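Student: I should like to go through this model and ask, for each term applied to it, what justifies the term.
Tutor: Very well; please ask about one feature at a time.

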Amino acid sequence: MNEKERAKRAKKFLKNLKRDGITLLPRVRKCRLCGKKFFYPEFLEKEVDRYVASGLCFECGYWRKFLDHIPRHLQVTNGKCYKVLPFVSNKEPYMTLGGNGKKRYFVTKELKPIMSNDVWFIGTIPERFRYRLADTGWFCNESAYKSLCKFNKKCMEAGCLDRYRCFRFDTSIELKNGPYNTIPSDWVLKGEHCGFFLDTEKIIDYISPITPITNETTEKEND
Ligand SMILES: [Zn+2]
């Protein structure tokens, strides 16, 4: 049989399969959670996780399992999960540290500063699971870390004119009561000369839950 004949036969074979409603990939399954189609390989079946065996795709199975057994030292920032392990000061040559042992700083929502040289990125939690795992904080720079080591309390000064740029400001006050005052449009940052001012720009990817109210915003709204 030559190449041409072989190809012709194969084509006919596939055509017949299609006619009989037989799919060549009987192991393609549909995830009962996200609806994604995935290939369920035979060799994994015996040892496969019970999550995947229960009809979830590998991604859903992985995150479901992760959320049911949350590891210690887990920190979540903007949906990204990291293991921020305690600082290793006596690194043995055989040890592998996360992030190549680079020093990193983290601050929790409760303003607890953490320094680590053993940070492991786990993965970004898919949107469909976000409701189960809230963010715990943010990475920050060294100067913010040091400032928080000295003093890690929130500030309740509702009328502070630097509050929208100060990480210490307890935004829950404003979320509850609305803005105490508006910021003059010609206000120069740090004009309050507060020794505890901690610039939000030192907190990586920090997004404030409140929208700054300045005189400019009010003027625009009144237009
Ligand atoms: Zn899925």
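**Terms and their grounds**

Tutor: In this predicted model, Gln-75 has Tyr-82 of E4 as its bridge partner. In the same way, the bridge partner of Thr-77 in E4 is Lys-80.

Student: What makes E3 and E4 a pair of strands?

Tutor: Pairing requires at least two bridges between the strands. E3 and E4 are joined by 4 bridges and run antiparallel, so the requirement of at least two is met. In their hairpin, which has 2 residues between the strands, Asn-78 takes a positive phi near 50°.

Student: Which side chains of strand E3 are buried, and which are not?

Tutor: Along E3 (residues 74-77) the side chains alternate. Gln-75 and Thr-77 point to one face and are buried, whereas Leu-74 and Val-76 point to the other and are not.

Student: Why are E3 and E7 said to stand at the edges of their sheet?

Tutor: The open sheet has 3 strands in the order E3-E4-E7, with antiparallel pairing. E3 and strand E7 (119-124) each have a single partner strand, so one side of each is left without a neighbour in the sheet. The twist from one strand to the next averages 25°.

Student: What is the order of the strands in the sheet that contains E5?

Tutor: That open sheet of 3 strands has the order E6-E5-E8, and its pairing is antiparallel. Strand E6 (113-116) and strand E8 (137-140) are at the edges, because each has a single partner strand and therefore one side without a neighbour in the sheet. The twist here averages 25° from one strand to the next.

Student: How do you know that E5 and E6 are paired?

Tutor: Strand E5 (residues 104-108) is joined to E6 by 4 bridges, the two running antiparallel; the threshold is at least two, so they count as a pair. Arg-104, for instance, has Ser-116 in E6 as its bridge partner. Helix H4 (residues 142-150) lies across E5, E6 and E8, at about 50° to E5.

Student: Why is Leu-111 called partly exposed, and not buried or exposed?

Tutor: Leu-111 has 16 other C-beta atoms within 10 Å. A residue is buried at 20 or more and exposed at 12 or fewer, so a count in between is termed partly exposed. Leu-111 is found in the loop between E5 and E6, and its phi is near 70°, a positive value in a residue other than glycine.

Student: What makes His-193 count as exposed?

Tutor: His-193 has 7 C-beta neighbours inside 10 Å, and the limit for an exposed residue is 12 or fewer, so the term applies. His-193 is found in the loop between helix H5 (171-177) and helix H6 (215-222). Although not a glycine, His-193 has a positive phi of about 50°.

Student: How do you know that the largest nonpolar core lies between two domains?

Tutor: This core has 22 residues, and those with the most contacts inside it are Phe-106, Val-107, Cys-140, Ala-144 and Ile-203. Strand E4 (80-84), E5, E8 and H4 each supply at least two of its residues. Domain 2 (70-150) and domain 3 (163-222) both contribute residues, so the core lies between them.

Student: Which residues are in contact with Cys-140, leaving aside its neighbours within four places in sequence?

Tutor: They are Tyr-105, Phe-106, Val-107, Tyr-145, Lys-202, Ile-203 and Ile-204. There is also a second, separate core of 5 residues, including Val-52, Cys-57, Cys-60 and Trp-63.

Technical notes
Residues are numbered from 1 along each chain as its sequence is written. This is a predicted model: local features need pLDDT of at least 70, side-chain atom pairs count only at pLDDT 80 or more; totals for chains, interfaces and linings use all residues. Axes are lines fitted to C-alpha atoms, for helices over the stretch in contact, and angles run from 0 to 180 degrees between N-to-C directions. Two residues are in contact if their C-beta atoms, placed from the backbone, lie within 7 Å. A nonpolar core is a set of buried Ala, Val, Leu, Ile, Met, Phe, Trp, Tyr and Cys residues joined through C-beta atoms within 7 Å. Domain bounds come from an automatic or database domain assignment.
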